[in-house]
Amino acid sequence: MSEDVGLADTNSLNIAINTFQACKYIGLPECGVHLTECVIYLACTPKSNSVYVAQEKTKKLIKKTGNLPVPLQIRNAPTKLMKDLHYGKDYQYAQDSPDKLTN
């Protein structure tokens with residue numbers, strides 16, 4: 001379900017889990033209405049597989065490149081030595097940008 005709906009409606013996972021719990025505790029045939037509501041909700045909600053696609057691309061990249069070090073620009077620099085080694089240099093804090101996005 002999450003690989004089909006994903007970020008298009010993050011509440012859909014809660015709906016599915018709540019439906020599962022209702023069926024577990026109430027049982028059939030009483031929970032049939034909950035199952036039907038869930039199926040209709042999931043069928044009508046927008047779909048996005050962007051998380052699934054990104055996850056699969058990431059797995060392939062890791063197999064190809066292995067473990068890579070954390071880039072210096074996103075490393076924390078709590079000490080002078082780390083700052084001197086350019087930890088955190090050119091880091092872009094998304095919340096500081098007007099659109100809350102960085103490159």
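**Reading a five-helix model**

Modeller: Welcome! Let's start with one residue: Lys-100 has a relative accessibility of 49%, so this lysine counts as partly exposed. Keep in mind that we are looking at a predicted model.

Biologist: Where is Lys-100 found, and what is its phi?

Modeller: First, the general idea: most residues other than glycine have a negative phi, and most peptide bonds are trans. Lys-100, in the segment after H5, has a positive phi near 60°.

Biologist: Which residue in the segment after helix H5 (80-84) should I look at alongside it?

Modeller: Try His-86, which lies in that segment. Its phi is positive as well, about 70°, although His-86 is not a glycine.

Biologist: And why does His-86 count as partly exposed?

Modeller: The partly exposed class runs between 20% and 50% relative accessible area. His-86 has 44%, so it belongs there.

Biologist: You mentioned trans peptide bonds. Which residues does a cis peptide bond join here?

Modeller: Leu-28 and Pro-29, with an omega of about 5°. To find the spot, go to the loop between helix H2 (11-26) and helix H3 (32-44), where Pro-29 lies.

Biologist: Now the cysteines. How many disulfides does the structure hold?

Modeller: The general idea is that a disulfide is a covalent bond between the sulfur atoms of two cysteines. This structure holds zero.

Biologist: Are Cys-23 and Cys-31 buried or exposed?

Modeller: The cut-off for buried is under 20% relative accessible area. Cys-23 has 17%, so it counts as buried. Cys-31 has 1%, so it is buried too.

Biologist: Let's step back to the whole fold. How many helices and strands are there?

Modeller: The protein chain has five helices and zero strands, so reading from the N terminus gives α-α-α-α-α.

Biologist: How does the radius of gyration of the chain compare with that of a compact globule?

Modeller: A compact globule of 103 residues would come near 13 Å, but this chain has 22 Å. Along the principal axes, the C-alpha atoms fill a box of roughly 65 × 35 × 25 Å. As for burial, 16% of the 103 residues count as buried.

Biologist: What share of the contacts links residues 24 or more positions apart?

Modeller: Counting contacts with a separation of 6 or more, the share is 40%.

Biologist: Last one: what do the surface and the charges look like?

Modeller: The accessible surface comes to about 8,400 Å², and carbon and sulfur atoms account for 59% of that. There are 12 positive and 10 negative side chains, and the centres of these two sets lie 12 Å apart.

Definitions and conventions
Residues numbered from 1 in each chain as written. Predicted model: local features only at pLDDT ≥ 70, side-chain atom pairs only at ≥ 80, totals over all residues. Heavy atoms only, no water. Helix = DSSP H or I, 4+ residues; strand = E, 2+ residues; numbered from the N terminus. Rg over C-alpha atoms; globule rule 2.2 N^0.38 Å. Buried < 20%, exposed > 50% of the residue type's maximum accessible area, 1.4 Å probe, protein only. Contact = heavy atoms within 4.5 Å. Areas by Shrake-Rupley, 256 points an atom, 1.4 Å probe, with all protein chains shown as cover. Lys, Arg positive; Asp, Glu negative; His and termini not counted. Charge placed at Lys NZ, Arg CZ, Asp CG, Glu CD. Disulfide = S-S within 2.5 Å.
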